[in-house]
Amino acid sequence: MGGGTEAFPDLGRHCQKSDCNQLDFLPFTCNACQKVFCVEHRSCKSHECPKPDAGSRKVVVCETCSTAVETTGCDEEGEKKILARHEKSGECDPRKKKKPTCPVRRCKEVLTFSNTAACKTCRVKTCLKHRFPADHACQQLRLPASASASNKFLVALAARNGKDCGNKIIASSSQPSVKAF
């Protein structure tokens, strides 16, 4: 079935859905079955495509090691064969299944990308509840002598413990503190 009109026979295509046959000037070609459809029937579901999963990716998670294994274009039997091949390979290791948890005693929070914080002092990865040094019994790293010499200012600042910071009493005087010329 061609498309178009009598004046422009090459313009547009007819929808290949059997009960539609609408002339569409901007037709869609299905990636799975390669047939042409109108805007209403362009999705695989709407035109009841015989192979809707032809171009899609599919991943199955291994129950032994929690690794994602791609099974694109396979049926259930094919997926089982791919999982069996994965389990026989050296990649499938049950020890990989254990997720990292917060190292704080009695905390069983699983550390993920979004809830992990690394302590700036001891560089231990903890959950967000225990991210502050006081919450996870932080052990400060010992810096080499050359590094501590370069950080004299920070050491002196830490030694002050807030002394002389904002506690000064300004004596009021009759003379202005800024001179104007």
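# Exercises on a predicted chain

A nonpolar surface patch of about 330 Å² is formed by Phe-8, Leu-11 and Phe-25. Patches consist of residues with over 30% relative accessible area and no salt bridge; like charges are joined within 9 Å, nonpolar side chains (Val, Leu, Ile, Met, Phe, Trp, Tyr) within 5 Å. Accessible areas come from the Shrake-Rupley method with a 1.4 Å probe, and for residues only the protein chains shown count as cover.

The model is predicted: local features need pLDDT of at least 70, side-chain atom pairs count only at pLDDT 80 or more, and totals for chains, interfaces and linings use all residues. Residues are numbered from 1 along each chain as its sequence is written, and side-chain values use heavy atoms, leaving out hydrogens and water.

## Exercise 1. Place one patch member

Locate Leu-11 and classify its accessibility.

Solution.
- Position: Leu-11 sits in the segment before β1.
- Accessibility: Leu-11 is at 42% relative accessibility, so it counts as partly exposed. The classes are buried (under 20% relative accessible area), exposed (over 50%) and partly exposed (in between), with a 1.4 Å probe and protein chains only.

## Exercise 2. Outline the chain

Give the secondary structure order and the overall totals.

Solution.
- Elements: the chain has 3 helices and 8 strands. Both are DSSP runs numbered from the N terminus: helices are H or I with at least four residues, strands are E with at least two.
- Order: along the sequence, the pattern is β-β-β-β-β-β-α-β-β-α-α.
- Burial: of the 181 residues in the chain, 22% are buried.
- Contacts: among those with a separation of 6 or more, 14% join residues 24 or more positions apart. Contact means heavy atoms within 4.5 Å.
- Surface: the chain exposes about 15200 Å², and carbon and sulfur atoms supply 54% of that area.

## Exercise 3. Find the salt bridge

Search the whole structure for salt bridges and describe the result.

Solution.
- Count: the search returns 1 salt bridge. The criterion is a side-chain nitrogen of Lys or Arg within 4 Å of a carboxyl oxygen of Asp or Glu.
- Partners: the side chains of Glu-48 and Lys-17 meet at 3.9 Å, N to O.
- Placement: Glu-48 lies in the loop between β4 (36-37) and β5 (59-61), and Lys-17 in the loop between β1 (13-14) and β2 (23-24), so the pair ties together parts that are 31 residues apart in sequence.
- Exposure: Glu-48 is exposed at 63% relative accessibility. Lys-17 is buried, with a relative accessible area of 14%.
- Surroundings: setting aside neighbours within four places in sequence, Lys-17 contacts Phe-37, His-41, Ser-46, His-47 and Glu-48.

## Exercise 4. Check the cysteines

How many disulfides does the structure hold?

Solution.
- Count: the structure holds 0 disulfides. A disulfide requires a pair of cysteine sulfur atoms within 2.5 Å.
- Cys-15: this residue is in no disulfide, and the nearest cysteine sulfur, that of Cys-38, is 3.8 Å away. Cys-15 is buried, with a relative accessible area of 3%.
- Cys-44: the closest cysteine sulfur is in Cys-30, 4.1 Å from that of Cys-44, which is too far for a bond. Cys-44 is partly exposed, with a relative accessible area of 26%.

## Exercise 5. Work out the setting of His-136

Describe where His-136 lies and which backbone oxygens its side chain reaches.

Solution.
- Position: His-136 belongs to the loop between β8 (125-127) and α2 (145-150).
- Burial: His-136 has 11% relative accessibility and counts as buried.
- Contacts: not counting residues up to four places away in sequence, His-136 touches Val-104, Cys-119, Cys-122, Thr-126, His-130 and Arg-131.
- Spacing: His-136 and Cys-119 are 17 residues apart in sequence, and their C-alpha atoms are 9.2 Å apart.
- Backbone oxygens: the His-136 side chain reaches that of His-130 at 3.0 Å. It reaches that of Phe-132 at 3.0 Å.

## Exercise 6. Repeat for Glu-109

Which side chain makes a polar contact with the side chain of Glu-109?

Solution.
- Position: Glu-109 lies in the loop between α1 (76-88) and β7 (116-118).
- Accessibility: Glu-109 is partly exposed at 31% relative accessibility.
- Contacts: beyond four places in sequence, Glu-109 touches Pro-100, Thr-101, Cys-102, Asn-115, Cys-127 and Lys-129.
- Spacing: Glu-109 and Cys-127 are 18 residues apart in sequence and 6.7 Å apart in space, C-alpha to C-alpha.
- Partner: the side chain is that of Asn-115, at 3.1 Å. A polar contact is a pair of N or O atoms within 3.5 Å; within protein, one must be able to donate a hydrogen and the other to accept it, and residues adjacent in sequence count only if both atoms are side-chain atoms.
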